[in-house]
Every structure is written in structure tokens, then in C-alpha cells.
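Reader: I have a model open on my screen and would like to learn how to read it. Could you walk me through a few features?

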Amino acid sequence: MQDTSFAIHPGNEQASNSNQYYDIGALLDYEKTDLFHFRCERGWVSLSFYADDIVRITMKPLSKPTLESSFALIKASQDVHTICEDHDQYLLIKAAGLHLKINKNPFRISAYDPLGRLLVAEGERGMAFTQKQEIICFKEMDAADHFYGFGEKTGFLDKRGENMTMWNTDVFAPHNPETDALYESIPYFMTIRNGFAHGIFFDNTYRSVFDLKSSQTRYSFGAEGGELDYYILAGPTPKDVITQYTTLTGRMDIPPKWALGYHQSRYSYKNEQEVRELVRNFKHKEIPVDAIYLDIHYMDGYRVFTFDYDRFPHAHSLIQELKAEGINIVPIVDPGVKQDAEYPIYQEGVRENHFCKYLDGNIYVGEVWPGISAFPDFSNTNVRKWWGQKQKFYTDMGIEGIWNDMNEPAVFNETKTMDLSVIHENDGNPKTHRELHNIYGLLMGEATYTGLKEQLSGKRPFVLTRAGYAGVQRYAAVWTGDNRSFWEHMQMAIPMCMNLGLSGVPFTGPDVGGFAHDTTGELLTRWTQLGTFTPYFRNHSNLGTVAQEPWAFGEEVEMITKKYIELRYKWLPHLYTLFREAHQTGLPVMRPLVLEYPNDPHTSNLSDQFLIGENVLIAPITRPATYHRVVYLPEGTWYDYWTDTKFAGGKHIMVSAPLDTLPIFVKEGAIIPEAPAKLSTKVPDEQIMIHLYPSQQQSEYILYEDDGNTFSYQNNQYLERKITCHHDENQVEINIEDIYTGYSPSWKSMIVHVHGVDTMKTIYVNGQEVKGSYLKDKQIFTFELNQ
Ligand code: GLC
């Protein structure tokens with residue numbers, strides 16, 4: 001009926017207005033133990049600190065909050081020093097990085113930074129609940145507020161004016177600005193107001209809603225059940241907020257280098273011959289590739305942890321041979337286990353009590369690819385362990401990466417998922433699926449990643465997931481699900497990935513070329529250009545769609561896509577250094593301009609260009625037959641990456657972008673390492689190039705390198721090379737110094753390119769003048785340094 005005009009029947013209106021909220025009322029009394037407990041007329045509020053700039057506020061109607069441990073959090077509350085002042089009308093609780101003013105009647109919380117700048121405030125409305133135990137929190141909205149994050153959402157970058165639901169959902173229908181819940185639920189956002197930022201993480205796994213639409217002066221977040229449990233992150237910069245958020249929810253390990261290469265997928269390369277033919281094409285055409293994906297056809301009747309030996313008679317040797325050629329195989333693994341009395345995984349799952357059940361003890365079954373299937377109850381530690389150990393089937397064959405799909409979990413029925421009344425045992429603290437739905441994918445990711453890690457004897461696993469919750473970055477990269485080969489979907493992927501990055505998930509990307517629908521050569525070309533700079537770079541397409549490999553559309557498309565896939569490999573040292581930064585700080589690799597220029601009003605909703613790190617700007621072409629576009633360059637001086645033409649920033653410029661050109665701009669002051677192009681990340685680099693774009697101010701870059709493959713970096717086996725440079729009228733001064741030498745890189749020489757050398761300036765490296773060659777038309781001075 002929702003597809004007909006019934007959807008807008010006047011009778012539908014009342015239903016949405018029928019919920020009456022009960023305000024928490026006035027403060028009655030409070031106590032301070034290791035945390036603060038406030039008893040109010042209609043509910044309890046607890047308050048605890050996780051750092052001096054992170055506070056957790058939890059409200060439960062009718063009884064004290066339980067403060068149960070969270071699935072998202074890796075951090076425990078801290079004993080933060082606070083001062084509490086009790087005034088007539090209000091309380092003041094001060095920590096070094098955050099002050100809270102608690103109005104007593106009605107109970108309202110406002111947060112300030114230590115300088116007295118208001119972060120979040122409650123006005124006429126505050127915390128409330130309904131008869132049905134739905135909970136909600138209202139906050140004042142400033143006219144200057146812009147909102148970012150919220151995980152994986154369609155639409156533009158700034159979410160002001162949107163109403164968003166968190167409910168992990170398999171959406172095959174075309175994603176459009178009206179598509180709300182997708183595969184990932186990250187109930188977190190950042191507000192930027194006049195250049196300053198703060199964040200809110202609403203840690204509630206029920207279906208939740210963020211309403212930034214119904215009012216111009218107030219927003220709300222609420223959920224169908226559970227406690228009103230949220231954190232205020234004080235900022236003050238957007239980067240601080242991400243670091244605070246990822247202090248709570250964790251950061252990714254450094255991915256294996258091969259996971260950063262180009263990946264080729266298809267639903268499905270159906271048999272060994274197709275895979276071998278594919279590899280032959282890559283090799284023959286000399287197009288780099290690091291991974292090939294096996295979609296559901298590799299399995300025996302779509303049973304996970306099996307191979308169809310008719311289609312893949314030599315699966316084991318195929319995997320080994322490809323590995324020797326620098327290519328990893330990544331098989332898909334869905335959660336649904338086929339109900340089949342003769343299938344060992346199903347037998348074991350039933351016998352050992354690993355599947356989700358109803359309250360009466362019957363196993364829940366639902367239909368997915370293998371037909372009627374049971375679903376592991378990942379909320380139990382022993383089930384995660386079991387699933388983790390099962391990965392051995394793959395690791396024994398030499399597999400190091402797994403693709404987790406359908407883990408919302410998706411079920412082929414009206415509701416698209418399992419019955420909400422299914423019970424998750426949750427290590428003895430049972431909860432319904434209604435409560436734990438949103439974390440099913442996160443826990444499957446944990447089981448897979450941890451299991452792989454245990455079996456790979458020190459090698460880094462790679463996990464790709466479709467579904468997740470806050471904290472998913474600890475286990476997996478995220479691709480944005482079933483997009484289509486529409487130009488609009490390529491456009492949409494840019495703000496979607498940027499907001500995922502602001503939500504603590506740095507390793508993201510869309511299906512390049514588009515999954516469903518038929519792509520075209522032009523779309524594939526432009527999308528591959530974009531994919532070169534999305535953190536995750538995989539071409540994937542649906543059953544029955546036209547071929548989408550780089551060579552599928554003739555010579556010109558092949559030549560250009562190859563050029564960009566090669567460019568990806570050239571940029572790997574920089575991307576890798578940025579992934580290391582993501583590991584250390586949580587900051588994304590792919591960044592909206594507002595993250596670096598929060599005071600610049602042009603950046604607040606800039607959705608069609610992005611930065612790689614701090615100072616490389618990518619402006620993809622996202623429309624057909626379009627060979628020019630407007631690019632916004634923020635303050636500073638910018639170089640066109642291809643021509644070295646200089647532009648003054650702080651303005652919009654028109655740039656030309658023929659089909660083989662992706663507009664890229666590098667900011668003066670940038671230092672960018674670059675590797676030679678190669679066919680796989682497995683090929684060691686003999687030399688490395690360093691591009692310097694010196695400015696008058698000193699700039700600095702710390703090049704990071706390790707073995708790219710194992711966890712030995714966690715035992716200090718890595719290299720940090722610090723490069724600094726600046727110029728004055730007569731000279732360019734460069735300093736290169738190894739600041740940590742726990743690893744010796746494969747490259748033995750560095751070719752240094754100094755850009756923008758407008759006269760024949762003298763170039764000094766570590767105080768010594770160097771000789772080199774000068775490329776006049778680009779004003780680039782080049783010299784070589786041996787180790
Ligand atoms: C889902 C996935 C898609 C995959 C297909 C078959 O639609 O999102 O990527 O190819 O299932 O496994």
C-alpha cells in the first residue's frame with residue numbers, strides 16, 4: 001500500500017502525533033558517589049566522566065539507570081576531578097574541559113566549555129519519555145548550527161533539516177535523498193557552530209531517530225526503548241571531536257597494504273575459469289590489482305564455509321597461485337546458515353546452541369540466499385568464538401580477507417530482518433532482537449576479525465562489512481551497499497563517505513562503477529577517478545548487469561581507468577601514512593573541507609569535493625559530458641597537481657577536466673610521498689619520490705612505513721621519517737631526518753621534486769647545497785638522495 005496514494009491518506013496523520021511525552025520534571029535530590037545520581041520527579045539521571053572533556057548522561061524513567069556496559073565502547077569511565085557548586089536554582093559541575101549547568105526545576109542540562117562558550121542547551125523541553133517507554137532528548141538548535149556524522153546517510157553533507165532513523169536495513173531499491181535507514185547505524189553527530197565543534201554520541205541500540213527537521217530552534221534524538229544514554233564531547237575543534245569519539249569507540253588497526261590497492265569484484269565470478277581469465281586480463285593489460293572477490297556462487301548451495309568444487313575444483317591452488325602473483329582472494333561470508341540436517345555447520349550450530357531462538361526455545365529461521373537459514377547469536381562470546389574459529393576453513397587455504405554481507409541481518413521477508421521478538425542470549429543477559437538488531441553486524445565483524453587475526457599468525461586480516469554500529473571501525477572497512485550505476489549515486493557517495501569518516505569510520509568506499517543497473521564507459525571512467533581517492537577502492541557489479549571491468553568499454557576507457565588505478569598505487573605511501581594517522585587519532589583519510597576549514601562558510605555543506613589528509617583537494621566530475629567544473633579552493637595557495645599552475649585560494653575557480661583528467665589540487669606547504677606505479681602492493685618499491693611544495697612557513701610531514709603486512713608495527717617495527725621545508729627569496733631549505741628507525745624500507749633512494757621554484761634558488765638539504773635538474777616549464781627542481 002505504501003507504493004500507492006494510500007501512503008498520503010489523511011487518516012495516517014494522527015498516528016504520528018499520538019505520542020505524549022512526559023518530562024522528567026524537577027530535581028528532587030541528588031548524590032555523588034563515583035558518579036552523580038539525580039532523582040527527578042519522573043526519572044533518574046546519572047552523570048559520569050570519561051575524560052575531562054567527555055561526559056556521559058544517562059536517564060531512565062522510573063528507576064536508576066543500569067549503566068550496563070555498551071557494545072560500542074572500549075573505554076571505561078574515569079575518575080575525573082570535578083567541582084560541584086550547589087546554587088538555589090541550579091548546580092554547576094566543573095571538570096577541566098567541560099562545565100555542566102543543571103537547572104533544578106525543571107531538570108535541564110546545559111554544557112559549556114571552560115571559557116563559558118555554550119555547547120548544548122536544553123530549554124522548554126529536555127529529557128522525556130512516553131507511556132510505551134520511548135525516550136527522547138530535546139536540545140536547543142542555534143541558527144548557526146551545522147550537523148555532520150550520523151554514519152551512512154544519503155543526501156548532502158550538512159544534515160540540518162533532516163530527520164534520520166538508525167535501523168540497519170538492506171535497501172536494494174535505489175538509494176535517494178528520501179532513503180533513510182541504510183545498512184549502518186552510527187547514532188553520533190558533530191555540531192559545528194561558528195567554527196567551533198562539539199559532539200553527541202547517543203549510545204542506544206534500539207531503532208532511534210534524530211530529528212533536525214521539525215523545528216528551527218530545537219532538535220531531538222530518541223529511541224524506541226532502553227535508557228537515554230548519551231555522551232557530550234566538548235571539542236573545541238572538529239578534529240578534537242573525532243578524537244574524543246574514537247577514544248570512546250575505538251580506532252582501526254593499520255590495514256594490510258593490499259587492502260588499499262585496487263579490488264575487482266562481481267556478483268559473481270562464477271568459476272575458476274572466469275577468475276583465471278580475469279587475472280590473465282589484468283596481467284596482460286598490466287593493470288594493477290590486489291584483490292579479487294568471490295561472491296555467493298563460490299559456495300556449495302550458498303552454504304557458508306564451503307566451496308562448490310564443480311565450479312572451483314582447485315580452489316586451494318587457485319588461491320595460492322594468485323597470491324604468488326600478488327592477488328588476494330576475498331570470499332563473501334553471510335551470517336545465514338542453511339537449514340540442512342546434513343550440513344556440518346548447521347548441525348554443529350544446533351547441537352552447540354549457537355543460533356538465535358525465540359523465547360520458547362525454537363530456532364528462528366528466515367530465508368536468505370541458501371533458502372531457509374538459521375542465524376548465529378553473535379551476542380554470545382562463545383558464538384563469536386565459534387564463528388571466529390570457522391574462519392580457519394578460509395585461512396587454511398591462504399585467505400586473509402573476508403567480506404561480510406547481509407549482516408543487518410537481511411532476511412527476505414516484509415520486515416527485511418528477523419522477528420523482533422527473537423531473543424539474543426547476550427552472555428546471560430537476554431535481550432530481544434528489537435533491542436540488539438543494530439549491533440548484529442558489529443558483532444559479526446568482531447567475530448570475523450578476531451577469528452582471522454588469531455589464525456593468521458601475526459598477519460593483518462582484512463574484513464569488509466555492510467552492516468555496523470558505532471565502533472565498527474575497530475573490525476572492518478565499510479562499503480556503502482547496493483548503489484546503482486547512476487551519476488547521482490556517484491555524487492551521493494562523496495558526502496556519504498565523508499560523513500562516515502566524521503563518524504569514526506575511515507575505511508570506506510562505494511561500489512565503483514555502481515552495483516545495480518548498467519554502467520557506461522564514461523561513468524566507469526569518472527567513478528574510477530573518484531575511487532582512486534576513496535579510502536576503499538573496489539569495482540563491483542550485480543548479476544546480469546553489463547561487464548564492468550576496466551577494459552569492458554574499449555581502449556579509451558581502459559587507458560584512462562588504468563592511468564587512475566596506477567595513480568592509486570603511486571599515492572599509496574601518502575594514503576598509508578594517512579591510514580596510520582587514522583589508527584592513531586581516528587581522523588579520516590577522506591575529509592570534508594569543513595574538517596580543515598570550519599571557519600570558512602563555503603565549506604559548511606560542500607558535498608562535491610573533498611580532501612585527502614590536510615592539503616590535497618579532489619574535485620571529481622560527477623555528471624555526464626561535463627569537461628569543466630567549479631572548484632572551491634580555501635585560503636592559501638594551491639597548485640594544480642597535473643600542470644603545476646598556481647592559484648590563489650579563498651575563491652571559486654573554473655577548471656577544465658577532459659575525460660582523462662580528475663581535478664586535483666595540492667596546497668602550498670604540502671609534502672607528498674609518491675611510489676612508482678606497480679602491478680600489486682606486493683611489489684617492493686625500489687625508490688620513493690617526495691614532492692615538496694615549499695611555502696615561506698616551515699611545513700612538516702612524517703612519512704610512515706612498516707612491513708605493510710604484519711602486526712610487528714605494534715612492536716615498534718616501523719619507520720618515521722620527518723621531512724620539513726620552507727623557502728625564502730634565495731633558497732629552499734629542506735631537512736630530512738629519521739625520527740624512528742624500527743624498520744628499514746625497501747626503497748634505497750629518494751627522488752625529491754621541489755615544486756614552484758620560480759628562480760634558480762639554491763636548494764639545501766640538511767644544510768648542504770644539492771645539485772639537480774630543473775624542469776623550467778613546470779618550475780620543478782629534482783634531485784636524488786641515496787639512503
Ligand atoms: C548483496 C550485496 C552485494 C552482493 C549480493 C550477492 O546485495 O550488497 O554486494 O553482490 O548481495 O551476494
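Author: Happy to; we will go through the ligand site, a pair of helices and some backbone details. Please keep in mind that this is a predicted model.

Reader: Let's begin with the ligand. Which residues surround the ligand?

Author: A good start is to list the neighbours and then sort them by character. Here the ligand is surrounded by Tyr 267, Asp 295, Ile 296, Ile 332, Trp 369, Trp 403, Asp 405, Arg 466, Trp 479, Asp 482, Phe 515 and His 540. Sorted by type, this shell has seven nonpolar residues, one polar and four charged.

Reader: Which side chains place a polar atom 2.5 Å, 2.9 Å or 3.0 Å from an oxygen atom of the ligand?

Author: For polar contacts, we look for pairs of N or O atoms within 3.5 Å. Asp 482 has a polar side-chain atom 2.5 Å from a ligand oxygen. For His 540 the distance to an oxygen atom of the ligand is 2.9 Å, and for Asp 405 it is 3.0 Å. As for cover, the ligand on its own has 310 Å² of accessible area, and the protein covers 97% of that.

Reader: Now the helices. Why are H3 and H4 described as roughly parallel?

Author: The idea is to compare the directions of the two axes; angles under 35 degrees count as roughly parallel. The axes of H3 (residues 272–285) and H4 (residues 315–324) cross at roughly 10° and come within 11 Å, so these two helices are roughly parallel to each other. H3 brings Glu 272, Val 275, Arg 276 and Val 279 to the contact, while H4 brings Ala 315, Leu 318, Glu 321 and Leu 322. By type, the residues of this contact are five nonpolar, three charged and no polar.

Reader: And the backbone? Where are the cis peptide bonds?

Author: As a general guide, most peptide bonds are trans, and most residues other than glycine have a negative phi. In this model, a cis bond links Gly 235 to Pro 236, with omega about 10°. Pro 236 sits in the loop between strand S20 (228–233) and helix H2 (238–249). Another cis bond links Glu 408 to Pro 409, with omega about -5°; Pro 409 is in the loop between strands S27 (401–404) and S28 (423–424).

Reader: Which residue has a positive phi although it is not a glycine?

Author: Look at Gln 133, where phi is about 70°. You will find Gln 133 in the loop between strand S11 (127–129) and strand S12 (135–140).

Methods
Residues are numbered from 1 along each chain as its sequence is written. This is a predicted model: local features need pLDDT of at least 70, side-chain atom pairs count only at pLDDT 80 or more; totals for chains, interfaces and linings use all residues. Side-chain values use heavy atoms; hydrogens and water are left out. Axes are lines fitted to C-alpha atoms, for helices over the stretch in contact, and angles run from 0 to 180 degrees between N-to-C directions. Helices (H or I, at least four residues) and strands (E, at least two) are DSSP runs, numbered from the N terminus. Angles under 35 degrees count as roughly parallel, over 145 as roughly antiparallel, 65 to 115 as roughly perpendicular and the rest as oblique. Contact means heavy atoms within 4.5 Å. Ala, Val, Leu, Ile, Met, Phe, Trp, Tyr, Cys and Pro count as nonpolar, Asp, Glu, Lys and Arg as charged, and the others, Gly among them, as polar. A residue is near a molecule or strand if one of its heavy atoms lies within 4 Å of it. A polar contact is a pair of N or O atoms within 3.5 Å; within protein, one must be able to donate a hydrogen and the other to accept it, and residues adjacent in sequence count only if both atoms are side-chain atoms. Accessible areas come from the Shrake-Rupley method with a 1.4 Å probe; for residues, only the protein chains shown count as cover.
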